[in-house]
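Trainee: I should like to learn how to read the features of a protein model. May we go through one together?

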Amino acid sequence: MKLSRFAAAISAPLYLLALFLLRERIPGGVPFLLSAAIGPLAAAYFFVTYLLARNRDDRVPDLLPLLVWGSAAAMEIHAFVPPVARTGVVPAALFFGLAMKFPPTLSLPAILCVDAWLAAVPGPIEREIFYTSAMALIAGGAGIVVRGKSRNHGREVNVVQEAIARSRTLVLPWEDSGNDGHPAGGEMTEESSLLRREEELKDGIREALDRLLGLAGASHIAYIARSVSPGSVLHEGILLSRGSPVSREISLPDTYVPLREATVFRKPFLEVGAGARRYAPWKSGPGSAPAGVAAVPVFREGVVEGVLLAIRDEEGLWEDPVIPAMELAGHFVGRDIERMRELHQGDRYYLRGEWYHSMVRKMAEVGTEGDPAEGGGGRSRREMVYGETAEQVRRQVDADRVLLVESGEDPGNGRVAWATSPEGSGPGPERYEPLEDSYVGWVIRTGMQRIFPGTAAPPRSQGVLPGTWEREGERSFLLLPVEGRIGFRGALVCAHPQEKRFRKEHAEIARDITRVMQLGLSHVERLESLTKKATTDGLTGLSNRKAFLERLAVDLSRLDGRHPCGVVMLDIDHFKGVNDTYGHPFGDVVLRGVASVLGKGVRKGDTAGRYGGEEFVLYLHMADTERAREGAERFRRMIRQIRFAHEGKEIGVTASFGVACAPHHGKGVEELLKHADEALYLSKERGRDRVTVYPG
């Protein structure tokens with residue numbers, strides 16, 4: 001399929017080249033006219049194919065052949081229809097569209113090729129090369145600019161403020177059910193409820209068919225309904241045969257005439273005698289040469305729900321009026337269908353309330369557990385929400401594997417934010433990977449769901465997942481877009497090794513669960529925003545004094561004197577003079593500049609904080625006395641090199657440092673800070689702009 005896809009695209013330029021050569025040799029002949037019709041006909045064919053694919057849940061419409069052949073047809077119209085050529089609509093729209101659709105590395109060569117072809121084919125405009133080239137420059141440039149702006153639109157939205165505003169409008173209606181959200185009877189889910197009700201319905205239909213088999217004098221009797229598998233053109237159902245104690249499953253195409261009469265025209269079908277052989281439902285075995293065929297529609301609330309089909313092998317007329325008997329049986333079957341669906345709906349409301357309250361309760365509990373300390377190995381709040389969502393989806397739709405695929409700023413890239421399977425659960429790599437031409441990438445870009453039943457035909461034209469994410473043996477897939485300006489944007493992927501595993505009902509269940517996930521993520525974002533405000537210094541963006549001391553206490557407790565670490569205190573020299581001379585607003589600029597150097601210069605695992613006023617403090621993880629001194633010296637030189645502009649002049653500042661290290665200079669927070677402060681005092685006494693290690 002992939003080869004034919006690219007063959008269809010590559011054939012268009014070859015066709016245009018052949019058309020140009022043919023016009024040069026036979027400009028007005030019949031062969032040329034017939035050849036010129038190929039382009040519009042091919043464009044119309046791919047357009048119809050694209051529309052049909054959009055209406056199917058198990059196929060992704062392929063836009064590439066339509067774009068290429070549509071462009072070729074438009075170029076023909078411009079070249080061979082003078083009134084259209086004089087308007088200039090085709091090159092303007094074509095150049096702009098190519099620049100909008102493709103990145104410059106692809107659109108610029110395509111625009112040059114189109115420009116060359118239009119200029120080479122004689123038209124009503126003199127010196128067309130200048131005309132089309134100018135159009136390519138203007139329209140193509142405009143398309144590139146608009147493409148760049150559209151891709152960058154919305155990236156600077158204040159996500160935190162939106163999360164807070166949205167969270168304030170949310171009500172978390174959780175309640176304690178006393179059994180962790182599960183029904184008292186055990187592990188029932190929406191999927192298991194649906195399967196149980198379907199089995200009960202099949203039992204009822206078998207009983208009705210058994211009674212009808214004797215009443216109608218038929219050799220075979222069946223109830224069939226349209227297959228629920230996405231993209232299927234079959235009717236599937238249950239068949240009972242006289243003399244056989246068990247039923248068996250059958251499938252018939254929707255083109256089978258008795259079926260079409262009952263489903264499309266909504267009327268009974270009856271054929272007896274020699275003519276009935278034309279309507280044999282299968283090619284061999286009993287029933288392959290019937291003497292009579294009858295079919296009646298089964299209605300539920302005025303809608304055709306299925307068809308009762310009767311096959312008679314024996315020659316002769318039906319002994320009893322078969323159609324009235326089948327219509328009566330169809331009435332009872334339709335009533336059973338209605339009753340079972342009402343029961344399933346009741347189960348569904350009950351179970352949905354259970355898992356909904358369970359999820360919302362756990363989303364609310366996320367706020368009480370807190371994010372783990374950096375490097376602590378625990379799950380973050382966001383990962384807790386992802387894990388609960390994936391597990392609920394796996395249980396409720398009975399998926400074998402569930403992936404939460406998060407898209408990056410570029411929708412063409414994504415990463416597995418969370419994966420759940422029988423082997424375990426956990427987050428994927430932090431890096432984003434190209435989604436390439438996979439279906440999951442298409443679902444994220446278009447916002448349309450897709451269900452793949454995993455049957456043999458027709459084959460998929462591309463992979464459901466990127467190659468590194470695929471797992472051998474998975475056949476059925478459910479791909480659901482998850483959209484939101486805040487929280488999570490990407491796709492939910494359910495996979496299963498069995499064929500025909502997922503239906504639209506499963507997509508509805510999964511969509512409801514992802515909505516609860518977005519609610520939980522908005523709750524998490526609000527908590528993160530409040531936590532940041534409570535632990536961050538408003539002027540400099542570094543940790544405030546309280547947060548720094550808490551982090552220092554945790555790290556010292558974890559090291560427990562077995563490994564070294566350093567505490568560095570620093571003070572901006574003559575800062576009061578800076579404020580008095582240049583004003584407090586300039587003093588704030590200096591504080592932010594020094595804080596920026598400290599925040600960007602610390603390693604992962606280190607912490608920089610504002611201790612108060614012009615005084616800052618650093619925690620250097622796993623740093624002995626010599627490394628702590630070298631680190632402080634590096635920061636001293638960096639601060640000395642900063643220049644602050646003020647009224648046309650450049651102002652510089654210096655800082656004095658004091659260093660104390662655990663466990664040599666103390667093991668507790670207060671002891672280390674006291675010794676680092678004493679070392680800082682010595683640096684001030686000795687002339688400032690220097691580093692002193694305790695005890696001096």
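**Reading a predicted model**

Mentor: Let us begin with a single residue in this predicted model. Asp606 lies in the loop between helix H18 (584-601) and strand E15 (607-612).

Trainee: Is Asp606 buried or exposed?

Mentor: Burial is judged by relative accessible area, with under 20% taken as buried. Asp606 has a relative accessibility of 10%, so Asp606 counts as buried.

Trainee: Which polar partners does the side chain of Asp606 have?

Mentor: One reads these from distances between polar atoms. The side chain of Asp606 makes a polar contact of 2.8 Å with the side chain of Arg603. In addition, a polar atom of the Asp606 side chain lies 2.9 Å from the backbone nitrogen of His621.

Trainee: Which residues is Asp606 in contact with, leaving aside its neighbours within four places in sequence?

Mentor: With those neighbours left aside, Asp606 is in contact with Tyr619, Leu620 and His621.

Trainee: How many disulfides does the structure hold?

Mentor: The structure holds zero disulfides. Cys565, for instance, is in no disulfide, and its nearest cysteine sulfur belongs to Cys661, 7.4 Å away.

Trainee: Why is there no bond between the sulfur of Cys661 and that of Cys565?

Mentor: A disulfide requires two cysteine sulfur atoms within 2.5 Å. The sulfur of Cys661 is 7.4 Å from that of Cys565, and this is too far for a bond. As for their surroundings, Cys565 counts as buried because its relative accessibility is 0%. Cys661 also counts as buried, at 1%.

Trainee: How many salt bridges does the structure hold, and where might I look for an example?

Mentor: There are 30 salt bridges in the structure. To read one, find the nitrogen and oxygen of the two side chains and note the distance between them. Arg394 and Glu391 form such a pair, at 3.9 Å from N to O. Both residues belong to helix H13 (residues 381-397), where they are three residues apart, about one turn of the helix. Glu391 counts as partly exposed because its relative accessibility is 29%.

Trainee: Are Arg415 and Glu406 buried or exposed?

Mentor: Arg415 is buried, and Glu406 is buried as well. These two residues form a salt bridge whose closest N and O atoms are 3.1 Å apart.

Trainee: Why are Arg515 and Asp512 separated by about one helical turn?

Mentor: They are three residues apart in helix H15 (residues 504-535), so about one helical turn separates them. Their side chains meet in a salt bridge of 3.1 Å, N to O. Asp512 is buried, with a relative accessible area of 18%. Elsewhere, salt bridges that share partners join Glu633, Arg636, Arg637, Arg640 and Asp689 into one network.

Trainee: What is the general idea behind a nonpolar core?

Mentor: In soluble globular proteins, nonpolar side chains tend to be buried together. Here, the largest nonpolar core has 33 residues, of which Val590, Phe616, Leu618 and Phe657 touch the most other members. Among the elements that each supply at least two residues are strand E14 (565-572), helix H17 (575-582), strand E16 (615-621) and helix H19 (625-640).

Trainee: Which element supplies the largest share of this core?

Mentor: H18 supplies the largest share, seven residues.

Trainee: Which residues is Leu618 in contact with, beyond its neighbours within four places in sequence?

Mentor: The contacts of Leu618 include Phe548, Val567, Leu570, Leu598, Val602 and Phe635.

Note on methods: Residues numbered from 1 in each chain as written. Predicted model: local features only at pLDDT ≥ 70, side-chain atom pairs only at ≥ 80, totals over all residues. Heavy atoms only, no water. Buried < 20%, exposed > 50% of the residue type's maximum accessible area, 1.4 Å probe, protein only. Helix = DSSP H or I, 4+ residues; strand = E, 2+ residues; numbered from the N terminus. Polar contact = N/O pair within 3.5 Å; in protein donor to acceptor, adjacent residues only side chain to side chain. Contact = heavy atoms within 4.5 Å. Salt bridge = Lys/Arg side-chain N within 4 Å of Asp/Glu carboxyl O. Core = buried A, V, L, I, M, F, W, Y, C linked by side-chain atoms within 4.5 Å.
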